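Q: Please give me a close look at one part of this structure, and then follow the thread outward from there. I would like the reasoning spelled out where there is some to give.

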Amino acid sequence: MKKVSLIAFVALSSVIWAQNAETKEVPGVRYSGDKALLVKSDAAELEAKKKAAAEEKAKLPKPYDPKADAQADINKLIAKAKKEGKNIMIQAGGNWCIWCLRFNQYVQTTPELRNIVDKNYIYYHLNYSPENKNEKIFAQYGNPGDKFGYPVFIVLDKNGKMIHIQPSDVLEEGKGYSLEKVKEFFNQWAPKKS
C-alpha cells in the first residue's frame, strides 16, 4: 500500500509541478494559458516590409490593362498564333499582384527566357482586378485563379485550345523565380516542331 501511495504522490506532484512550471519566454512569441501564440515580433519591421514591397511594386512595369477587351484580344492572338505556329501563353493576374509583376519583369529582363518566349509563344497578360474580373474569360478556363491564386498561367495551342494550367508557386525561389524551373516550364509547353 505504501508503494501505491508513493507512486500516486510522485505522479500527482509531477503533474502539479508541470502545470506550475514557468515557461521560458521566447522573443516574438506571446503566451496565453498553456499555448504559445505566434505574433509579429516587431510592428516597425512589418511596416518596413510593407513599404519595401510598395516601393518595389511602384518601380515594376504594369502589363495588365483592366480596360482591355480580353476576348477580342485572345481571338486576335489565336489568329496570329496559327500564322506563326506558336502557342499562346496567358499570364493571368493584375497590377495589384507583386508576384505577377515580378514574373513579368523576370521574363522581360532575362535574355534566355525572353528568347524562349519570343520563339515559341504569343504572350498575353489577362487582367483580374476589381475594375475588371474578366469572369467570362476565366470561366472558359475553369477559373484557375480561384484554385491556384495569381499569377496563374494558361497555355493554349495555336488553335486556342487550352492545353495546360500552371500555378506559379512551383516556379518560385526565394523572393523571385527559379531560372531552371521557368525555363523547363516554357520549354515543356512550347509547340512541338515537326
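A: Let's start with a small charged cluster: E112, E180 and K183 are linked in a network of salt bridges. Please keep in mind that this is a predicted model. Within the network, the side chains of K183 and E112 form a salt bridge with an N to O distance of 2.6 Å. K183 belongs to helix α8 and E112 to helix α5 (residues 111-120), so this pair ties together parts that lie 71 residues apart in sequence.

How exposed or buried are the members of this network? K183 counts as buried, because its relative accessibility is 16%, and the cut-off for buried is under 20%. Its partner E112, at 39% relative accessibility, counts as partly exposed. E180, by contrast, is exposed, and it sits on the face of α8 turned away from the buried side of that helix.

That brings us to helix α8 itself, which runs over residues 179-188. Which of its residues are buried? They include K183, which we have just met, along with V182, F185 and F186. These residues cover an arc of only 160° around the axis, which puts them on the same side of α8. The face turned away from them carries E184 as well as E180, both exposed. So the helix shows two faces, because its buried residues share one side, while the network of salt bridges draws on K183 from the buried set and E180 from the opposite face.

From the buried side of α8 we can move on to H164, since F185 is one of the residues that H164 touches. H164 is found in strand β6 (residues 162-167). With a relative accessible area of 18%, H164 is buried. Setting aside residues up to four places away in sequence, its contacts are F153, I154, V155, F185 and W189. W189 deserves a second look here, because besides appearing in that list of contacts, its side chain is joined to that of H164 by a polar contact of 3.5 Å.

Back to charged pairs, for a wider view: the structure holds 7 salt bridges. One of them pairs E56 with R102, the closest N and O atoms being 2.8 Å apart. E56 is in helix α2 (residues 43-59) and R102 is in helix α4 (residues 98-109), so this bridge ties together parts 46 residues apart in sequence. R102 is buried, with a relative accessible area of 15%, whereas E56 is partly exposed at 27%. Another salt bridge joins the side chains of K86 and E84, at 3.2 Å from N to O. Here K86 is buried, its relative accessible area being 14%, and E84 counts as partly exposed at 38%.

Finally, there is a covalent link to add. How many disulfides does a search of the whole structure find? It finds 1, formed by C97 and C100, with their sulfur atoms 2.5 Å apart. The torsion about the S-S bond of C97 and C100 is about 80°, so the disulfide is right-handed. Both cysteines, C97 and C100, are buried.

Notes: Residues are numbered from 1 along each chain as its sequence is written. This is a predicted model: local features need pLDDT of at least 70, side-chain atom pairs count only at pLDDT 80 or more; totals for chains, interfaces and linings use all residues. Side-chain values use heavy atoms; hydrogens and water are left out. Buried means under 20% relative accessible area, exposed over 50%, partly exposed in between (1.4 Å probe, protein chains only). Helices (H or I, at least four residues) and strands (E, at least two) are DSSP runs, numbered from the N terminus. The arc is that of the directions from the helix axis to the C-beta atoms. A disulfide is a pair of cysteine sulfur atoms within 2.5 Å. A polar contact is a pair of N or O atoms within 3.5 Å; within protein, one must be able to donate a hydrogen and the other to accept it, and residues adjacent in sequence count only if both atoms are side-chain atoms. Contact means heavy atoms within 4.5 Å. A salt bridge is a side-chain nitrogen of Lys or Arg within 4 Å of a carboxyl oxygen of Asp or Glu.
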